[in-house]
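Here are my notes on the model you sent round. Have it open while you read, and take the points in order.

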Amino acid sequence: MNAAAASGYRPPRWLRNPHLQSVLAGSPPRRRRGLAALGQAGAQTRPVIVDGGDGVRLLGLHTARPGAEPRGMALLLHGWEGSAESAYVCLAAAGFLARGWDVFRLNFRDHGGSHHLNPDIFHSARIDEVVHAASDVARRMPRPRLVVAGHSLGGNFALRLALRAPAAGLQVDAVAAVCPVLDPARTMEAMERGLPLYLRHFEQSWRRSLVRKRELFPERVGFDDRVLRLRMRALTEWLVLRHTDFGSLDAYFDRYSIAGDRLAGLAVPASILTSADDPVIPVDDFARLSLPHHASLEIARWGGHCGFLEGPRLEGYAERWVVDRLAGAD
């Protein structure tokens with residue numbers, strides 16, 4: 001792999017706990033800050049349904065400044081059980097708008113209140129529909145440049161999108177990922193061994209999502225409440241065995257893994273930021289990455305999972321880093 005660069009991120013001492021960083025990253029005050037930053041950008045936002053191929057419809061939010069000629073389009077991807085209005089997405093969007101870029105914040109299937117658009121359940125191997133949706137955005141809203149960024153699972157999707165872009169005829173100029181999921185099996189193990197709050201958070205969020213899906217499509221995704229009481233590993237295996245063709249949990253995890261040498265063929269300039277103290281994504285996985293020469297990896301000593309907060313106002317190093325890496329050349 002390329003040698004990892006030391007990070008310039010240095011939080012105050014009181015913000016160096018990885019769990020504090022991780023929890024505050026998606027907290028209501030930070031989400032309000034993100035939405036306020038977007039509101040102050042002097043831009044207009046409109047919902048757009050984009051084509052995911054094979055009848056799939058995905059909901060996105062296109063934000064632009066009226067009367068301004070955009071320098072490019074930034075496609076932003078949220079993490080699992082996040083949305084296009086997650087704090088980190090909104091803060092990054094505000095940064096791109098300040099640099100004269102349009103922003104398209106894409107919701108994955110069954111995220112951001114979009115459960116009604118498709119009968120089948122979201123899972124992390126649904127990369128083809130995201131690539132197709134990105135192509136639809138590029139076709140309908142052509143801009144001088146297209147860049148892609150994502151956090152956590154969104155970072156995984158962003159890197160896989162960049163891998164598949166050339167074959168799809170999609171011109172992606174650069175990609176950035178913050179704390180991307182590399183090896184899903186290892187991430188599951190890290191959550192099972194770590195503080196229960198992370199596993200509990202994702203289990204509760206996913207259960208709410210599944211209940212909403214059952215209400216909308218009872219014949220397609222019917223299940224009883226015993227399924228909802230399953231823990232994360234068993235619930236994921238239930239999804240894989242009943243709603244995918246992978247046949248096993250290991251095969252499913254392998255399908256969306258980007259660990260080892262799977263990013264070696266990236267043709268798109270890529271930047272990756274992670275932290276050594278991430279409680280969800282094991283930092284050791286990054287030491288085994290094989291990256292092309294035009295990809296860079298930055299590992300911060302602190303930051304938790306997608307945190308990288310800098311002070312009491314919850315300013316984010318990571319969102320500024322994303323904008324600098326992708327729009328800094330303008």
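The points below cover the cavities, one strand and its neighbours, and then some ring contacts.

1. Status of the model. Bear in mind that this is a predicted model, so everything below is a reading of predicted coordinates.

2. Cavities overall. How many cavities of 30 Å³ or more does the structure hold? There are three. The largest has a volume of about 320 Å³, while the second largest takes up about 50 Å³.

3. Who lines the largest cavity. Its lining is made of 21 residues. If you want to centre your view there, pick W80, S124, L153, M191 and Y256, which are the lining residues nearest the middle of the cavity. Helices α6 (184–193), α7 (196–216), α10 (232–243) and α11 (249–256) are the elements that each supply two or more residues to this lining. Of the elements, α6 contributes the most, with four residues.

4. Chemistry of that lining. Is the lining of the largest cavity charged or nonpolar, for the most part? Nonpolar: 15 of the lining residues fall in that class, six are polar, and no charged residue takes part.

5. The second largest cavity. Around this one you'll find W80, E81, D110, H111, I121, F122, W206, S209, L210 and K213. Here the split is five nonpolar, two polar and three charged. Note that W80 turns up in this lining and also among the residues nearest the centre of the largest cavity.

6. Strand β8. Have a look at residues 270–275, which make up β8: six of six are buried. A270, I272 and T274 point to one side of the strand, and S271, L273 and S275 point to the other. Both sets are buried, so neither side of β8 counts as exposed, given that buried means under 20% relative accessible area and exposed means over 50%.

7. Neighbours of β8. Strand β7 (residues 174–178) runs parallel to β8 and is joined to it by four bridges. On that side, A177 sits opposite I272. Strand β9 (residues 295–300) is also parallel to β8, with six bridges between them. L273 has E298 of β9 as its bridge partner.

8. Aromatic pairs. Searching the whole structure turns up 14 aromatic pairs. Take F246 and Y252: their ring centres are 5.7 Å apart and the planes meet at 40°, so this pair is classed as tilted. Y252 is buried, at 4% relative accessibility. For F253 and Y256 the ring centres are 6.5 Å apart and the planes lie at 70°, so that pair is edge-to-face.

9. Why F253 and Y256 are worth a second look. They are three residues apart in helix α11, and so about one helical turn separates them. F253 counts as buried at 5% relative accessibility, and Y256 is buried too, with a relative accessible area of 8%. Together with F246 and Y252, these two make up one aromatic cluster. Y256 also belongs with point 3, as one of the lining residues nearest the centre of the largest cavity.

10. Arginines over rings. Two contacts to check by eye. R16 lies over the face of W302, 4.1 Å from the ring centre. R160 lies over the face of F157, at 4.3 Å from the ring centre.

Definitions and conventions. Residues numbered from 1 in each chain as written. Predicted model: local features only at pLDDT ≥ 70, side-chain atom pairs only at ≥ 80, totals over all residues. Heavy atoms only, no water. 1 Å grid on protein atoms, 1.4 Å probe; cavity = no way out; pocket = protein on both sides within 12 Å on 5 of 7 lines; lining within 4 Å. Points joined across faces, edges and corners; volume = space filled by probe spheres on them. Nonpolar A, V, L, I, M, F, W, Y, C, P; charged D, E, K, R; others polar. Buried < 20%, exposed > 50% of the residue type's maximum accessible area, 1.4 Å probe, protein only. Pairing = 2+ DSSP bridges. Phe/Tyr/Trp six-rings, centres within 6.5 Å; stacked < 30°, edge-to-face > 60°. Lys NZ or Arg CZ within 6 Å of the ring centre and 35° of its normal.
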